[in-house]
Amino acid sequence: MKIKVAVMFGGKSVEHEVSVISGIQAIANMDKDKYDIIPVYITKQNEMYIGDAVGDIEAYKNIDNLLKNSRRVIMVSDKGQVKLISYPMKLFKKPEEIIIDVAFPIVHGTNVEDGTLQGYLKTLGIPFVGCDVTASAIGMDKYYMKAILKDCGIPVLDCLTFTTGDYKNIDKIIEDIENAFSYPVIVKPVNLGSSVGIKMANNKDELISAIDDAFLYANKILVEHGIKNLREINCAVLGDFNEAIASECEEPLRNSDILSYEDKYLSNAKGGSKGMASVSRKIPAELSEEMREKIRSMAVKAFKHLGCNGVARIDFIIDKDTGNLYFNEINTIPGSLAFYLWEPVGIPYKELLSRLIELALKRKREEENITFSFDTNILNMSSFGGLKGAKNGK
């Protein structure tokens, strides 16, 4: 009997379109002999739709028409099963329902990749692919991620963070940044991916512009020294916090100081974007064997320390002037699920996707052996004494 997998993509995120590309790529490559696949499109209003057109990339050229020809559903837990049920329900008519065994979120960015969707799925009790709530949230917040990794000895660039409250006094922000770092500096929304809202500033005027832009996308921003003469090296990791393996290393090629959104998704998108798979890159990256193994080892160490599960892509920076290696950031649900990094080490895309589903089911089995509640009968105790008594006895 096939495992029913709900592949979820889209969502309320500035990376909505990238997620659609990644999700439909995965659906096309999943093992149809093992899995019964249900594509689930999440709109920018967080409504879920299923139907024949949902898995067709061409249908997304006209979203209104797509939704008109699809069925809206909600996901519910019912007697130990998780179901997709047609919505709104009609009076005197039993709603259509599809039982699903595993959820496979292929989503990017705030509101979906940051633990929000993962918490929803966990509450429903369905196994889901990828990081849990905690690892997803930490992986999305660049500041907390740096703090954790720095504490375990992984090199990261020092940074400052600012909120919208600080933004009221931008002169103070500029002063703090210029006292901490020399130009250039990098300004980033603290919780976005795909290089959205990221800019390098070489002087005060550019810094003000970069800060203004970053605050369009987030309530909190991060600023760090910008390395001009750098190499970006990426490596993916597959597994969980107990056991994980590293992929081949790549060097993405950029057209500017940073690898931009355009570099990632638009530069080679003629005839339809292929997502991160379309980026110009060198695979394998031209590295000494010592540096290659250092990066791969550090990637696995970071993955485990952050408590990750499934597949993640970890981005590193090499300062060409000093030779120093820095952890830059982690993508807990990487674009195209980073399949192009696994094929060179003998793991084809279809197998990668199957391994991710197996890891989700493994985690669910392990969680079933953990005690999350126990019977105390406290509400039936004669000495409970009502709300006032409970407060006094706390």
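**Two annotated residues in a five-stranded sheet**

The side chains of D315 and R313 are joined by a polar contact of 2.9 Å, a polar contact being a pair of N or O atoms within 3.5 Å in which, within protein, one must be able to donate a hydrogen and the other to accept it, while residues adjacent in sequence count only if both atoms are side-chain atoms. This is a predicted model in which local features need pLDDT of at least 70 and side-chain atom pairs count only at pLDDT 80 or more, whereas totals for chains, interfaces and linings use all residues. Residues are numbered from 1 along each chain as its sequence is written, and side-chain values use heavy atoms, with hydrogens and water left out.

**The sheet**
- Five strands (DSSP runs of E, at least two residues, numbered from the N terminus) form an open sheet in the order β14-β13-β12-β15-β16, with antiparallel pairing, where pairing requires at least two bridges found by DSSP.
- Because β14 (281–282) and β16 (325–331) each have a single partner strand, they stand at the edges, and one side of each is left without a neighbour in the sheet.
- Six bridges join β15 to β16, and I318 has L325 as its bridge partner in β16.

**The annotated residues**
- The UniProt annotation "binding site", from an unreviewed entry, covers D315 and E329, although such annotations may be inferred rather than shown by experiment.
- D315 is placed in strand β15 and counts as buried (under 20% relative accessible area, with a 1.4 Å probe and protein chains only) because its relative accessibility is 8%.
- E329 lies in β16 and, at 10% relative accessibility, also counts as buried.

Note on methods: Helix = DSSP H or I, 4+ residues; strand = E, 2+ residues; numbered from the N terminus. Buried < 20%, exposed > 50% of the residue type's maximum accessible area, 1.4 Å probe, protein only.
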